[in-house]
Amino acid sequence: MSENNVAVVDKDADYKGDVLVPIQWKSPIAYGALTVLAAAIFVPFAGAGSITNFSFSQAGDLIEIPNVAIPSQPALIAIAVVLAGLCALSLKFALDRKKAPILVPLAFGLLFVTALLIFVLAGNPATLPVTSLLSGALFLSTPLVFGSMTGLICERVGIINIAIEGQLLAGAFLAAVVGSVAANPYAGLLAAPLAGALFGLVLAVFAIRYFVDQIIVGTILNVFILGLTNYLYSTVLTQNQGLNFPPPLPTYEIPILGQIPVLGPVLFKQNVVVYIMYALVIVLQILIFKSRWGLRLRACGEHPEAADTVGIKVNRTRFRNTILGGAVAGLGGAFYTVAAGLSFNQNMTSGQGFIALAVMIMGKWTPKNAIFAALVFGFANNLQITLTAMQISIVPAQFMLMLPYLVTIVAVAGVIGTVRAPAQEGVPYKN
Amino acid sequence: MKLELRGITKRFGDFTANDKISFTVHSGEIHALLGENGAGKSTLMNVLYGLLHAEEGEILIDDVPQHFSNPGDSMAAGIGMVHQHFMLVPVFTVAQNVVLGNEPTSAGGIIDLGKAREKVKEISDRFGFEVDPDALVEDLPVGVQQRVEIIKALSRDAEILILDEPSAVLTPQETDELMKTMLQLKNEGKIIIFITHKLREIKEVADVVTVIRRGKVVDTVSPKETQEKLAELMVGRAVLLNVHKEPQKYDEVLLKVENLSLIGEKGVPALNNVSFEVKKGEILSIAGVQGNGQTELAEVLLGLTKPTSGEVTLGNIDLTHKSVKQTLSTGVGYIPEDRNTDGLVGDFTLPENLVLDQSDVSPFAKWLNLNLPAINSNAINLIKQFDIRAGSAHSTASQLSGGNQQKVVVARELSRDLKLLVAAQPTRGVDVGSIEFIHQQIVNERDKGIPVVVISTELDEVSALADRIAVMFHGKIIGIVPGDTDRNTLGLMMAGIPPEQARKEA
Amino acid sequence: MVDNNKDTSSGNVTKTIPPDVETVTDADEAIEIATPVEDAPKVEKKATGAHKDEDEPTGAKAIALKIVTGSGLISVLSVVAALIFGAILIAAANAEVQAAAVSGNIGKFFSTVGKVIGSAYYALFQGAIVNPDAHNFAAFIAPLFDSLKVATPLIFMGLGLAVGFRSALFNIGGQGQIIVGGIFASYVGFAFDLPPVIHLIAAIIAAVIGGMLWGFIPGILKAKTGANEVIVTIMLNSIALLLISWVLAQPAFQRPGENRPLTPAMHDNAIYPIIRIGEIQLSVAFFLAIAAVILTWWLLERSTLGFKLRATGLNPDAAKSAGINASMMSVWALMISGGFAGLAASSAVLIPATGMASGVASSYGFDAIMVALLGRSKPLGTFLSALLLGALRSGGYLMQATTSTPIDVVSVIQAVVVMFIAAPPFIRALFRLPDPEKLALRKAAKEVA
């Protein structure tokens, strides 16, 4: 047994019964409030005898699942009971001064959203298309995932990148132009990362070489790129409309996997950008935590002096990875134009780069968590779109769309759980 | 093997940190660099390690001149360094820290953790370190972290090992262990450069001592010289070790700390049922190795941190639930342990720093306005009274030397009418002249009848000032003993051994 | 290098290192970076003060050196470099220039380039400063007053950002704060019927309250939970945009007989009076902006609250140990910042005839960051840089109208100016100017030798 363990065990023995860690009431209270909301509002107001309709299949699916009609009130009662159970479980963990496993909030969240949907659609003859709701959510969360990967690479190495928004926009622009000129969407896809990388380079030069505050450089870059793309759009692209007609990337269905009910079409009937996203998240998840590159990357963000004293060139590492991060955002920008064959438009990223930062934080700076956080945003967005299309509005659309932003604020305020940023992010390293 | 430094000169602006420093070390030799805080020892070693670049001079290994442009180069030349502030990534495991920059990898650049673990195991077995390769560094006690640093250096086949103030964070007993390790390394034929300002350690292990004062080599001597001689070489004059103190004349208890507990960040108690009393006109020194709850105790006394349970009363005033501002206006003077982070605003001028905690009270504030004439005349008075040496009265705090900065903090705190003084590490990183001055100021407050709490990790300071000594270990007061208790007993108490037993063992 | 600041054994060493070598802590980086050029003359002063020997350049040479290394020249050169960059963009995107380039006639190419850039920048000047073609004096200087009008919301916003920067808080939420301030101001402006003066004051106060409210949220979250204000304010911007789109869809806010999301026009008593002399027009809001500059100066330099804000901004730990409630300071700073955004909103909303639309915040939120950076977070500097950017923008409108150059090029020029000014070494390298810090170091080394 190591000395460390001895010391730790020793400490525990010393302290037992003396002072106890205060109980963390936050999560049980939050769960309780939501459960009460579900039980006291959803259940009684759903209307007795009303039905909620869901559909799970699209035409042409190999295995067609019939539409499901759920009796709203009994279903809501059942869910409320389970929610109450989860509430009790979280209370038990809190009283034991333990952290609840991730499954508890996940299950709670899924059930609550289901309850919300059943409630909203209760008594409405329309059918909620679950599959397209989910695939749309994935689609809308794609640029957020790319953006959050950029943020994560940069912040892990110690550079705060606020310019993700601009880098997405630059990628979208170059992808559209190159894709149009070459009349080939893949050419646009290849060009997009170059635009992002270029502005990653500018960020690196000013933040690392000239020690300008990173948030400030990022903010200036956003203004610069927005101004530049607006300018070029209203001059060059307007004068030569042929420069802004990129052909779309085709959608591929992955054999077998694409035929899985519900999830198949959601996950495996997408275009190349989405498949690149899958690969990117998996590769980054492995490399950041297991590879030499990842270890050095994190060392530069956590304790640059330590990295320097073992011969790692901190600023060079930061420089290269800031550029790499920019390239990832640029690639994500291609989503806006060539992925769907859309023309470039002024400010078409409309603040998604900032949301990507929020996604990164909610994902606690890890790729696999970021994808879930991005899905929350994508889902809320698409739910609003779907419900509007179905002409259902319980809450005004704007308030529905505010939800992810509110969730982010709640998350950074530490209510959902403490997140720990890389220790030395934003701090220039001078040697 | 032979390492030679020849005429190393390093400047920062117009300040010369190292002035033509030369010495030679051979294999199997422990070479001590002795010098006061700020004498330039760390700078010299950072030059040797490639972190800083000397303007002049040469580094030779086996008579071959070396050019280190970064630590990678010096490492390749066989130099390893254990820094005073550990260069370990807290969120990495021991194995990850050890291989960082030198990673064994398999396909795809994935780190071969098995090999990394083996490396840690092999070296730690050789020295009897018992370090778990998969433990997160941030969870390890400092003594173990230091061993990880040594393993890290040795895993890169270091033949020359620099230890920068290695005992600063250790208990006397852990220091003894370290000395043994150093001797073992010496027997393996390594070159060890040992930076310290502690004479006892030099006498114990060093073969040769190079004394540095104000960036210059004063002399190279044998460790067999008397302590007094070594101390004089280091400081440049005879050192006044004892502070003049009047006998204690009061018996009235003024400060009462009862059952103070505080849960730290990781859910581990930083303070565990701490209780003590301080009488009128008494100095209670809190001794202990850094990181055993002293910092938290000082913060709770000031009101910066709210205790989880327990009470602090001063006279008949309950301080427990008071804000910092209320505590200060009750008459508590507070000298923080790190003046740069907690005591001063570096970019503020002296007049501003000297009213930092009174900016909104009369006479320094008039309604919502700052009273600039009052603020300035206050500064002029205090600069004179406390002999603060600054370029001009409007210099910023960051332009002053460490000793003068500390005097600014002391001047600000003592210029108020105090009912209690809490001084944490009052002379850390301060030159000897200022140490004497600051100690005298603290004793003057005591002689005025004010209860004083001095928190210090330096046993010399503890013994010089204390009427009674409380020793902290793992957030607990392990015992309160008279001010003249011998070092060995205190040392054992600092390692967690209760006073009765410690006295017997000592 | 090693973090000398934390190295207690080299305490004395640390203090003699020039300020640029010191590690920048989290808290003061915003300030540090926001005022980078200021450090340069400080070092230079130290160096010149310390070496009064025959090596010291005297007379004209010293003055020349001071000009070349000082911050004023850096600012001028940054603007010049940015205008050159803008000129390249204007020329490159111009169809005539492209045609001339394709034609291969070098003479024609350069004359076209000259003509295109010349006419664009002439229009910019004409719209921003004075109109040389004017028939009378009032018309001659009228563009200057138009610039003041465009600059007014920028002054307010920039001051708010400056207060934030000095407190080490980065308020990216100006956009949201203007929107909420605007919603409040416009409602008071069109829905009430109050006597003259009182109505205007009430609407202004409503705007300030709205802005402060939206600044209070990130402030209190920062104070109570440590939530990063950059992220929270970005989120609040998006929320405010959704909020205004909802508000403008409500019957209470809709202009009767109007399909577009637009409020009714403000009541006559609720608008800032406009002084007119011939073609010259100047809103009273500009005088309020000047008052705000003075108020900000007093707040930061002479008030006890400002002392505490600055102390917290530079070293929050020391401030806390000195009994300053550092968390409350972030609430105050962000509320003050939001309050200024509210004033900006009032100047944008309380104008004749037009109601408030969802684009009320324009790009003021981000432009203000530029303004505060350019003004080094000093009240007067912020005022002057707001005038500069206001003039650029105002000139840009004319340039867009009379030449084929879209106003977006102004945003680009603006961004380039600020980026260059934030990185003096970059500009020095670009124009091959001497580095004052290196000069000081070299001199010191020479003396020691």
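In this predicted model, Ala77(B) sits in the loop that joins helix H2 (71-76) to strand S6 (79-82) of chain B. Is Ala77(B) buried or exposed? It falls in between: Ala77(B) counts as partly exposed, because 18 other C-beta atoms lie within 10 Å, and 20 or more would be needed for a buried residue. Setting aside residues up to four places away in sequence, Ala77(B) touches Ile61(B) and Gln66(B). Ile160(B) is 83 residues from Ala77(B) in sequence, yet the two C-alpha atoms are 8.9 Å apart in space.

Another loop of chain B, the one between helix H13 (372-385) and helix H14 (402-414), holds Gln399(B). Gln399(B) has 20 other C-beta atoms within 10 Å, so this residue is buried; the cut-off is 20 or more, so Gln399(B) just makes it. Leu350(B) lies 49 residues away from Gln399(B) along the chain, and their C-alpha atoms are separated by 9.9 Å.

Stepping back to the whole of chain B, the domain assignment gives domain 1 (2-235) and domain 2, which is made of two stretches (253-344 + 418-505). Ala77(B), in the loop between H2 and S6 of chain B, belongs to the span of domain 1 (2-235). The C-alpha centres of domain 1 and domain 2 of chain B are 32 Å apart. Where the two domains of chain B meet, ten residues of domain 1 are in contact with ten residues of domain 2. On the domain 1 side, these are five nonpolar, four polar and one charged residues.

Chain A is also split up, into domain 1 (18-125) and domain 2 (131-412). Taken over C-alpha atoms, the centres of these domains of chain A are separated by 31 Å.

Chain C comes next. Its secondary structure amounts to 20 helices and two strands. Of the 449 residues in chain C, 55% are buried. How much of the contact in chain C, counted at a separation of 6 or more, comes from residues 24 or more positions apart? The share is 76%.

One helix of chain C that can be checked against simple geometry is H15, which covers residues 326-349. At 1.5 Å a residue, the 24 residues of H15(C) should span 34 Å, and the end C-alpha atoms are indeed 34 Å apart, so the two values agree. H15(C) is also largely enclosed by the rest of the structure, because 22 of its 24 residues are buried.

Helix H8 (residues 137-166) of chain C contains Ser147(C). Ser147(C) is buried, since 22 other C-beta atoms lie within 10 Å. Beyond four places in sequence, the contacts of Ser147(C) are Ala128(C), Leu387(C), Gly390(C), Ala391(C) and Ser394(C). Ile369(C), in turn, is 222 residues from Ser147(C) in sequence and 19 Å away in space, C-alpha to C-alpha.

Chains C and A meet through 47 residues of chain C and 41 residues of chain A. On the side of chain C, several helices each supply at least two residues, including H2 (29-34), H10 (198-225), H16 (364-374) and H18 (408-422). Which helix gives the largest share of that side? It is H11(C), with eleven residues. By class, the side of chain C that touches chain A has 36 nonpolar, seven polar and four charged residues.

The largest nonpolar core of the model has 405 residues, and Val359(A) and Val422(B) have the most contacts inside it. H15(C) provides the largest share of this core, 15 residues. Not counting neighbours within four places in sequence, Val359(A) is in contact with Leu144(A), Ser148(A), Ala370(A), Ala373(A), Ala374(A) and Phe377(A). Another core, of 20 residues, lies apart from the largest one, and Leu83(A), Ala115(A), Ala122(A) and Leu128(A) are among its members.

As for confidence, the predictor gives the complex an ipTM of 0.82 and a pTM of 0.84. Chain C averages a pLDDT of 82, and 81% of its residues score at least 70. Over residues 1-56 of chain C, however, pLDDT stays under 50, although the model has 133 contacts beyond four places in sequence for this stretch. Where pLDDT is low, the predicted coordinates should not be read in detail.

Terms used
Residues numbered from 1 in each chain as written. Chains lettered and ligands numbered in written order. Predicted model: local features only at pLDDT ≥ 70, side-chain atom pairs only at ≥ 80, totals over all residues. Helix = DSSP H or I, 4+ residues; strand = E, 2+ residues; numbered from the N terminus. Expected span 1.5 Å × (residues − 1). Buried ≥ 20, exposed ≤ 12 C-beta atoms within 10 Å, placed from the backbone. Contact = placed C-beta atoms within 7 Å. Nonpolar A, V, L, I, M, F, W, Y, C, P; charged D, E, K, R; others polar. Domains from an automatic or database assignment. Core = buried A, V, L, I, M, F, W, Y, C linked by C-beta atoms within 7 Å. pLDDT = per-residue confidence, 0-100.
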